[in-house]
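This report introduces a structure to a reader who has not met it before. It takes up the packing of helices, then one residue in its surroundings, and then the pairing of charged side chains.

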Amino acid sequence: MSWYVASWIGRKRGQGEEGEKKSPDQIEYEQARQLFIDGELEKAIEELNRFIEENPKSEWADDAQFDIAQCYEHMDEKEKAVQEYKKLMDKYPQSELVSS
């Protein structure tokens, strides 16, 4: 299992379990995130940003913001990664990803 897949497992308690019906925004987020998993980082950033713009109140928006920061980290663009982590903290202060 790759490290970025492992980092994602368990972030949302009880989400995506077998037999559970996924919401349209969850499906859209997972499609954008798959680009990240596949190593298509620039495309992932584009799609994750689009997801956040179109779904700002989604329970998955904080995950998308976190993934954008992770993409920049893996592209060795540390300053952009820090900016994206700051956005995560500012926009989603109650997120489990902020307190972890």
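Contact here means that heavy atoms lie within 4.5 Å. The model is predicted, and with that meaning of contact in mind the meeting of two helices can be described residue by residue. From helix H2, the residues Tyr29, Arg33 and Phe36 take part, and they meet Asp63, Ala64, Asp67, Gln70, Cys71 and His74 of helix H4. Sorted by character, the residues of this contact of H2 with H4 comprise 4 nonpolar, 2 polar and 3 charged.

The two helices span residues 24-37 for H2 and residues 61-74 for H4, and their axes, which are 11 Å apart, form an angle of about 10 degrees. Angles under 35 degrees count as roughly parallel, and H2 and H4 are therefore roughly parallel to each other.

Helix H4 also holds Gln65. Is Gln65 buried or exposed? With a relative accessibility of 1%, Gln65 counts as buried, because buried means under 20% relative accessible area. When the neighbours within four places in sequence are set aside, the contacts of Gln65 are with Ile52, Glu84, Lys87, Leu88, Lys91 and Tyr92.

Charged side chains form a further topic. In general, side chains of opposite charge can pair when their charged atoms come close. In this structure there are 10 salt bridges, and the table lists some of them, with the N to O distance of each.

| Salt bridge | N to O distance |
|---|---|
| Lys22 and Glu30 | 2.8 Å |
| Glu46 and Lys43 | 3.7 Å |
| Glu77 and Lys80 | 3.2 Å |

In the bridge between Lys22 and Glu30, the residue Lys22 is partly exposed, its relative accessible area being 32%. For the pair formed by Glu77 and Lys80, Glu77 counts as partly exposed at 26% relative accessibility, and Lys80 is likewise partly exposed, with a relative accessible area of 39%.

Why are Glu46 and Lys43 separated by about one helical turn? Both belong to helix H3, which covers residues 41-54, and they are 3 residues apart within that helix, so about one helical turn separates them. Glu46 has a relative accessibility of 47% and counts as partly exposed, while Lys43, at 37% relative accessibility, counts as partly exposed too. Glu46 and Lys43 also belong to a network of salt bridges, in which they are linked with Glu28, Glu47, Arg50 and Glu54.

Methods:
Residues numbered from 1 in each chain as written. Predicted model: local features only at pLDDT ≥ 70, side-chain atom pairs only at ≥ 80, totals over all residues. Heavy atoms only, no water. Axes fitted to C-alpha atoms, helices over the stretch in contact; angles between N-to-C directions. Helix = DSSP H or I, 4+ residues; strand = E, 2+ residues; numbered from the N terminus. Parallel < 35°, antiparallel > 145°, perpendicular 65-115°, else oblique. Nonpolar A, V, L, I, M, F, W, Y, C, P; charged D, E, K, R; others polar. Buried < 20%, exposed > 50% of the residue type's maximum accessible area, 1.4 Å probe, protein only. Salt bridge = Lys/Arg side-chain N within 4 Å of Asp/Glu carboxyl O.
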